[in-house]
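Please look through the sequence and the model that follow. The paragraphs after them go from one part of the structure to the next.

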Amino acid sequence: MRPAGKPVQWAGPEVSIIPEPGPTPPAPAEPENAAEQEKRDSPGAKPVALSRRDLAVGVGVVVLAIIATGVLAFRAGGSGGAPASARPSAAASPSASGPPTTAQIYQAVAPSVVTIQTTLPGGGATGTGVIANQAGLILTAFHVVKGGTAINIIYADGTESAATVSGSNAEMDIATLAPAGGPDVLVPAVMGNSGRIAVGNDVVAIGNPLGLTLSTTTGVISGLNRTAANPDGTKLTGLVQFDAAVNPGSSGGPLINARGEVIGIVVALANPTSAGTFVGIGFAVPIGAALGSTGPGEPGPAQ
């Protein structure tokens, strides 16, 4: 419930997080003997997986500002695309010392990220999308294209194409777009397994916050299985909570794991003020749910 007093005015639709039950306090751990500790610390030891209930925390009702750009049409402050000399390559490779770096992940995934410009009655909106398969279908947040009279896609190489909505699920805030054309070289993103993610995993977000095209930020997964309620009573369920910075214009962009695989589609952020900007809590629809929510369509390559 909203506190008594003057209502808070938001730049976009409001969504309230539904509180989750608090965790059951764990029983005190039995002390380890030296042999057990040596076994646990050995290189071949498997990490202990925590259940979602162990990771759940009790939260109060807060209000989310959907990262909708229908109110704000960004017409300045971003480039039309990366310079040819700086454009990312189509494939990532791990560094010599370990997994891919953030820069390598960006280079691999950025060619799959698009800018979405939606024409709305009396204005326009800018959002983000990601190429999901070899046919060129684009995944994005439904609110980025909701009510649009025309949709224009700008690819990472600067190619532009009109697009239509080929599928949508308003309750999950996910839409798929079918472009009329595309670049000569189409680079679908690699789809990950959102069922294997855990709190504390590193993540990367790529999008167009505030019209700044192909921006990237990093963070961690800070919560799982979050549920949010829309003003019309519909719910966004099973959301991934993360702290990589996102802002208006980031909606529909990919949330990426440390292997360069897309594990979610950015849809919302939480801000207890009327600013509607990022304060450390973002939300994404898990990629498995997003791919299955809008009807037929082959997903991109998976690992």
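Which residues of helix 3 (residues 102-109) are buried? They are Ile105, Tyr106, Ala108 and Val109. Looking down the axis of helix 3, one finds these buried residues within an arc of 165°, so they line one face of the helix. The general rule behind such a pattern is that an α-helix has 3.6 residues a turn, so residues three or four places apart point the same way.

This structure is a predicted model, and its confidence values should be read before the details. The mean pLDDT of the protein is 75, and 63% of the residues reach 70 or more. Over residues 1-14, pLDDT stays under 50, and the model gives this stretch 23 contacts beyond four places in sequence. The pLDDT is also below 50 over residues 43-90, a stretch with 119 contacts in the model beyond near neighbours in sequence.

Now take the protein as a whole. Five helices and 14 strands make up its list of secondary structure elements. The protein has 303 residues, of which 44% count as buried. About 14700 Å² of the protein is exposed, and carbon and sulfur atoms supply 57% of that area. Among contacts between residues at least 6 apart in sequence, 66% join residues at least 24 apart.

The buried nonpolar residues come next. The largest nonpolar core has 32 residues, and Ile116, Ile138, Ile153 and Leu177 touch the most other members. Strand 13 (residues 262-270) supplies the largest share of this core, with five residues. There is also a second, separate core of 14 residues, and among its members are Ile197, Ile263, Val266 and Ala284.

How many salt bridges does a search of the whole structure find? The search finds one. In this salt bridge the side chains of glutamate 261 and arginine 259 meet, at 3.6 Å from N to O. The two partners are covered to unlike degrees: glutamate 261 has a relative accessible area of 2% and is therefore buried, whereas arginine 259, at 49%, counts as partly exposed.

Glutamate 261 also appears among the contacts of a glycine. Glycine 192 lies in the loop between strand 8 (174-179) and strand 9 (202-207). Is this glycine buried or exposed? Its relative accessibility is 17%, so glycine 192 counts as buried, the cut-off being under 20%. Leaving out residues up to four places away in sequence, glycine 192 touches Glu261, Val262, Ile263 and Ile287. Glycine 192 and glycine 264 are 72 residues apart in sequence, yet their C-alpha atoms are 8.7 Å apart in space.

A second loop residue can be read in the same manner. Isoleucine 281 lies in the loop between strand 13 and strand 14 (282-286). With a relative accessible area of 30%, isoleucine 281 is partly exposed. Which residues is isoleucine 281 in contact with, leaving aside its neighbours within four places in sequence? They are Gln241, Phe242, Leu269 and Ala270. Along the chain, isoleucine 281 and alanine 244 are 37 residues apart, and 8.0 Å separates their C-alpha atoms.

Terms used. Residues are numbered from 1 along each chain as its sequence is written. This is a predicted model: local features need pLDDT of at least 70, side-chain atom pairs count only at pLDDT 80 or more; totals for chains, interfaces and linings use all residues. Side-chain values use heavy atoms; hydrogens and water are left out. Helices (H or I, at least four residues) and strands (E, at least two) are DSSP runs, numbered from the N terminus. Buried means under 20% relative accessible area, exposed over 50%, partly exposed in between (1.4 Å probe, protein chains only). Contact means heavy atoms within 4.5 Å. Accessible areas come from the Shrake-Rupley method with a 1.4 Å probe; for residues, only the protein chains shown count as cover. pLDDT is the predictor's confidence in each residue, from 0 to 100. A nonpolar core is a set of buried Ala, Val, Leu, Ile, Met, Phe, Trp, Tyr and Cys residues joined through side-chain atoms within 4.5 Å. A salt bridge is a side-chain nitrogen of Lys or Arg within 4 Å of a carboxyl oxygen of Asp or Glu. The arc is that of the directions from the helix axis to the C-beta atoms.
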